[in-house]
Amino acid sequence: MSRLQSTDNLTEEQVELLKLVKEFVDEQIIPVATELEHQDEYPQRIVDQMKEMGIFGLMIPEEYGGLGESLLTYALCVEEIARGWMSVSGIINTHFIVAYMILQHGTEEQKQRYLPKMATGEIRGAFSMSEPALGSDVAAIKTKAVRDGDSDNWTIDGQKMWLTNGGSANLVAVLVRTELGESDSPYRNMTTFLIEKESGFGETAQGVTVPGKIEKMGYKGVDTTELVFQGHKTSTAQILGGVPGKGFYQMMDGVEVGRVNVAARACGVSMRAFELGISYAQQRETFGKKIAEHQGILFRLADMATKVEASHQMMVKAARLKDAGERNDLEAGMAKYLAAENCADVVEQSFRIHGGYGYSKEYEIERLYREAPMLLIGEGTAEIQKMIIGRRLLEDYRLKG
Ligand SMILES: Cc1cc2nc3c(=O)[nH]c(=O)nc-3n(C[C@H](O)[C@H](O)[C@H](O)COP(=O)(O)OP(=O)(O)OC[C@H]3O[C@@H](n4cnc5c(N)ncnc54)[C@H](O)[C@@H]3O)c2cc1C
């Protein structure tokens, strides 16, 4: 076990599971990650192995066929997997959020229908809030579901953007506008629909088209797509929880655990950048000594390790609060903000330690350098995290009288 990113008070089962995941990452992911990423190739073999290990059902309760692990265990596994390759953690991230939302907010019928197959990875989840004209401003969503009179039939039209796993998933939790006329608040006029589709591209269900993969600067291998609805017919039974008007709150709950998860990914990527940097610094020589012996480089390594450690401890705190059933929006926002910013910085410092070789595709840091910026954006940008953190602080520190 490395001295950095250690976690106090884990159970024996947690330690065993993490050891298993670490071995898997070291043996099966790290050796192939950079090559697959450069080819933008979907890591099917790794995904199949993760299915066998039960990773897709880590947090799904045993009664629905999963391993019933805590958010902390899940986040520590994600940290380890992202250390190997961030795209692999992206493949399980949206799946995990959708499973969590179904578990927390779904009807019993929806839980029975989806969770057991999600636990095995047969059903794979994506979630969709963003649209071409909006990301941070979720209340501005335009994709619309219109009810046919008082019936249980709905028709969805509109365009969604930036779906991680949009092609490979066969179940998408989609937030849409449903003008119910019962409230002026945009937040109460939104509904989450569970859309079943085939995996792949083109028209993958009636009135549901996945046009193709969005070309990205990094985070390759995992598919990121648009999703177009043209008269898609669905029913009240596909509304998460069975009742319209609750979608915004359901999604925000999903995004909150997603923030711990993104923080964990940032911890994993920054740990790998640190490992690469400290290794290279002990091999490369300039001016007659190893560059690690130059104080400038040594200080960089100290700064990087401090950031890696601080991010991890903040992420663990946020996960443990959620596991204890306590409100964790402040800590999840802080963890996501801190870990993503630290990750971008640690990756850049490792890149600089590599000198010119950091710019070569032969060195792993080149991939990390293109991956880290995604963590600054996904699951809410730094500005959005600061809005959440700031508002929550004003609640707690409100002046009396
Ligand atoms: C690779 C990738 C995968 C993604 N996967 C998914 C997914 O699976 N599902 C999904 O729904 N979305 C996904 N997204 C979308 C992502 O959540 C959004 O990109 C993100 O929320 C930011 O939204 P935006 O891009 O529209 O930026 P905007 O909201 O347009 O923001 C632009 C800039 O303005 C700043 N800003 C906005 N509002 C304010 C304000 N009030 N005060 C100060 N600054 C502000 C932002 O911080 C940002 O710097 C993904 C994005 C990427 C790049």
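Begin with the two domains that meet at the largest pocket of this predicted model: select domain 2 (125-245) and domain 3 (249-396), each of which contributes at least three residues to the lining of that pocket. The volume enclosed there is about 1,500 Å³.

**The largest pocket**

Next, display the 47 lining residues and centre the view on Met129, Gly135, Arg259, Glu379 and Gly380, which lie nearest the centre of the pocket. Then colour the elements that supply two or more residues to this lining: the helices are H4 (86-105), H6 (247-281), H8 (329-353), H9 (364-377) and H10 (382-396), and the strands are S1 (125-128) and S3 (153-164). Which element provides the largest share of the lining? Select H6, which accounts for 7 residues. Colouring the lining of the largest pocket by residue class gives 22 nonpolar, 13 polar and 12 charged residues.

**The ligand**

Select the ligand now, together with the 17 residues around it. Ser136, Trp162, Thr164, Thr381 and Glu383 come nearest to the ligand. Three polar contacts may be inspected in turn.

- Ser136: a polar side-chain atom is placed 2.5 Å from a ligand oxygen atom.
- Thr164: a polar side-chain atom is placed 2.8 Å from a ligand nitrogen atom.
- Gly135: here a backbone N or O atom is found 3.0 Å from a ligand oxygen atom.

How much of the ligand does the protein bury? The ligand taken alone exposes 970 Å², and 64% of that is buried by the protein. Gly135 deserves a second look in the viewer, as this residue is also among those nearest the centre of the largest pocket.

**The largest cavity**

Hide the ligand and turn to the enclosed spaces. The count of cavities of 30 Å³ or more is 2. The largest cavity has a volume of about 110 Å³. To find this cavity, select Phe56, Met59, Ile60, Phe96 and Ala99, the closest to its centre of the 13 residues in the lining. Highlight H4 next, since this helix gives the most to the lining of the largest cavity, with 6 residues. Are charged residues present or absent in this lining? Colouring by class shows 11 nonpolar and 2 polar residues, with no charged residues.

**The second largest cavity**

The last stop is the second largest cavity, whose volume is about 30 Å³. Its lining can be selected in full as Ala82, Arg83, Gly84, Trp85, Met86, Val269, Arg272, Glu364, Arg367, Leu368 and Glu371. Helix H3 (71-84), H6 and H9 are the elements that give two or more residues to this lining. H9 provides the largest share, 4 residues. Switch to colouring by class once more: the lining of the second largest cavity has 5 nonpolar, 1 polar and 5 charged residues. Finally, colour by domain, and note that domain 1 (12-120) and domain 3 (249-396) each give at least three residues to the lining of the second largest cavity.

Note on methods
Residues are numbered from 1 along each chain as its sequence is written. This is a predicted model: local features need pLDDT of at least 70, side-chain atom pairs count only at pLDDT 80 or more; totals for chains, interfaces and linings use all residues. Side-chain values use heavy atoms; hydrogens and water are left out. On a 1 Å grid over the protein atoms alone, a cavity is a set of points where a 1.4 Å probe fits but cannot get out, and a pocket is an open set with protein on both sides within 12 Å along at least five of seven lines; lining residues have an atom within 4 Å of a point. Grid points are joined across faces, edges and corners, and a volume is the space filled by probe spheres set on the points. Ala, Val, Leu, Ile, Met, Phe, Trp, Tyr, Cys and Pro count as nonpolar, Asp, Glu, Lys and Arg as charged, and the others, Gly among them, as polar. Domain bounds come from an automatic or database domain assignment. A residue is near a molecule or strand if one of its heavy atoms lies within 4 Å of it. A polar contact is a pair of N or O atoms within 3.5 Å; within protein, one must be able to donate a hydrogen and the other to accept it, and residues adjacent in sequence count only if both atoms are side-chain atoms. Accessible areas come from the Shrake-Rupley method with a 1.4 Å probe; for residues, only the protein chains shown count as cover.
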